[in-house]
Amino acid sequence: NDRTLTLDARWQAEAVRRLGDRAGAVVALDPRDGALLVLASAPGFDPHRVAESLARARETGESPLLNRALHGLYPPGSTFKIVYAAAAIEALFTGELACPASGFSPAPGMPPIRDHEYAAAQREGTAWSGHGRLSLADALRLSSNVYFARLAVMLGSERIGALFDRLTLDQRVAVFAGSSGTLASAPGRFVPPREAGAGELAQMAIGQGRLLLTPLQMALVTAAAANGGLAMQPRLDAAAPPRPLRHYFRRQAAADLARMLREAVRRGTGRPADVAGLDVAGKTGTAQNPAGADHAWFVGFAPADRPRLALAVVVEHGGSGSQAAAPVAAALFRMARDTGWFDE
């Protein structure tokens with residue numbers, strides 16, 4: 001009853017090594033057929049010494065038995081702007097919106113949503129003049145919260161809800177079926193867009209509010225953008241035939257999104273994830289966390305024009321996605337390049 005897995009042991013070990021002593025997860029897959037290449041969760045445990053791991057967990061507050069890749073629920077931060085950008089493209093809006101330093105209040109009495117440059121300037125005791133008017137492509141490249149908050153209110157709950165209907169964010173997604181049961185991800189948690197007010201829609205547009213997703217779910221969103229809008233069923237069993245999961249995005253929206261995400265890495269917040277000769281496309285995220293320091297995210301794929309590898313990285317309490325998560329992604333992209341993954 002031997003089973004051959006799709007995981008690449010070298011990449012899995014590299015992902016764990018790059019996470020180091022930080023809690024987090026890495027999910028990597030082939031967007032063309034859903035084969036999972038990395039499914040890493042940290043901290044882990046020695047299956048021969050489970051009692052020791054549990055004893056250490058009680059002392060440190062760690063959760064080594066939690067598979068963060070499949071069951072860790074996190075606010076996705078700015079990586080979720082990918083979904084709202086797709087909604088805008090499908091609504092034929094890629095134009096400019098005002099992004100002043102004063103921010104944007106999506107609902108009466110709600111504090112304004114501001115860009116990260118505003119807070120950075122405040123910490124340094126300086127003033128920031130704002131982005132002015134930005135297009136969708138520039139807003140994604142610069143990760144403007146103000147733009148996407150405005151965009152959410154402009155698109156409205158029906159358009160955003162229609163796109164959510166195509167996603168599998170509220171469902172368990174199976175990755176392996178065996179004789180003892182099925183291994184699947186946890187469902188995401190969020191307010192359904194059609195039931196959300198303007199403030200909640202705007203918060204979700206920047207990956208905050210009551211939106212919680214797993215690293216696997218964000219990897220699937222990213223892989224769908226890489227694969228012409230089609231998400232493939234993720235699988236760990238190498239013998240399982242590839243099969244479609246669902247069309248997340250329309251083909252043209254996915255193509256436009258891929259170009260924008262390439263620019264976000266080439267000239268935007270995702271520059272630390274770029275790798276020579278690969279044309280990496282992707283998006284960083286820095287997710288506010290009420291329980292402590294921000295979570296760091298990066299999602300991306302390569303090469304941008306013929307994707308062969310898509311991934312999601314989250315580092316708990318890692319702070320900036322550019323500084324903590326993007327370098328982990330870059331290391332995996334480099335390893336894939338150096339082992340000939342992109343040569344086929």
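**Exercise 1. Salt bridges**

State how many salt bridges the structure holds, and work through the pairs of helix H10.

Step 1. The structure holds 21 salt bridges, a salt bridge being a side-chain nitrogen of Lys or Arg within 4 Å of a carboxyl oxygen of Asp or Glu. The model is predicted: local features need pLDDT of at least 70, side-chain atom pairs count only at pLDDT 80 or more, and totals for chains, interfaces and linings use all residues. Residues are numbered from 1 along each chain as its sequence is written, and side-chain values use heavy atoms, with hydrogens and water left out.

Step 2. Asp-256 and Arg-259 form one such pair, at 2.3 Å from N to O. They are three residues apart in helix H10, so about one helical turn separates them. An α-helix has 3.6 residues a turn, so residues three or four places apart point the same way.

Step 3. Asp-256 is buried at 19% relative accessible area, while Arg-259 is exposed at 51%. Buried means under 20% relative accessible area, exposed over 50%, and partly exposed in between (1.4 Å probe, protein chains only).

Step 4. Glu-263 and Arg-266 also lie in H10, three residues apart, and their closest N and O atoms are 3.0 Å apart. Arg-266 is partly exposed at 43%, and Glu-263 is partly exposed at 22%.

Step 5. Beyond these pairs, Arg-337 bridges to Asp-338 with closest N and O atoms 3.0 Å apart. Glu-14, Arg-17 and Arg-18 are linked in a network of salt bridges.

**Exercise 2. The sheet and its helices**

Give the strand order of the open five-stranded sheet, then place helices H1 and H10 on it.

Step 1. The order is S2-S1-S11-S10-S9, with antiparallel pairing. The edges are S2 (36-42) and S9 (281-289), each pairing on one side only. From one strand to the next, the twist averages 5°. Helices (H or I, at least four residues) and strands (E, at least two) are DSSP runs, numbered from the N terminus.

Step 2. S9 and S10 (residues 292-302) run antiparallel and are joined by eight bridges; two strands pair if DSSP finds at least two bridges between them. Thr-286 has Ala-296 in S10 as its bridge partner.

Step 3. Helix H1 (residues 9-19) lies across S1 (24-29), S2 and S11 (309-315), at about 30° to S2. Helix H10 (residues 251-266) lies across S9 and S10, at about 70° to S9. Axes are lines fitted to C-alpha atoms, for helices over the stretch in contact, and angles run from 0 to 180 degrees between N-to-C directions. Contact means heavy atoms within 4.5 Å.

**Exercise 3. Burial**

Is Ala-226 buried or exposed? Describe its surroundings, then turn to helix H4.

Step 1. Ala-226, in helix H9 (residues 215-226), is buried, with a relative accessible area of 13%.

Step 2. Not counting residues up to four places away in sequence, Ala-226 touches Pro-31, Phe-301 and Pro-307. Its C-alpha atom is 10.0 Å from that of Arg-251, 25 residues apart along the chain.

Step 3. Helix H4 (residues 81-90) is mostly covered, with ten of its ten residues buried. Among them are the charged-type residues Lys-81 and Glu-90. Just after H4, Leu-92 takes a positive phi of about 65°.
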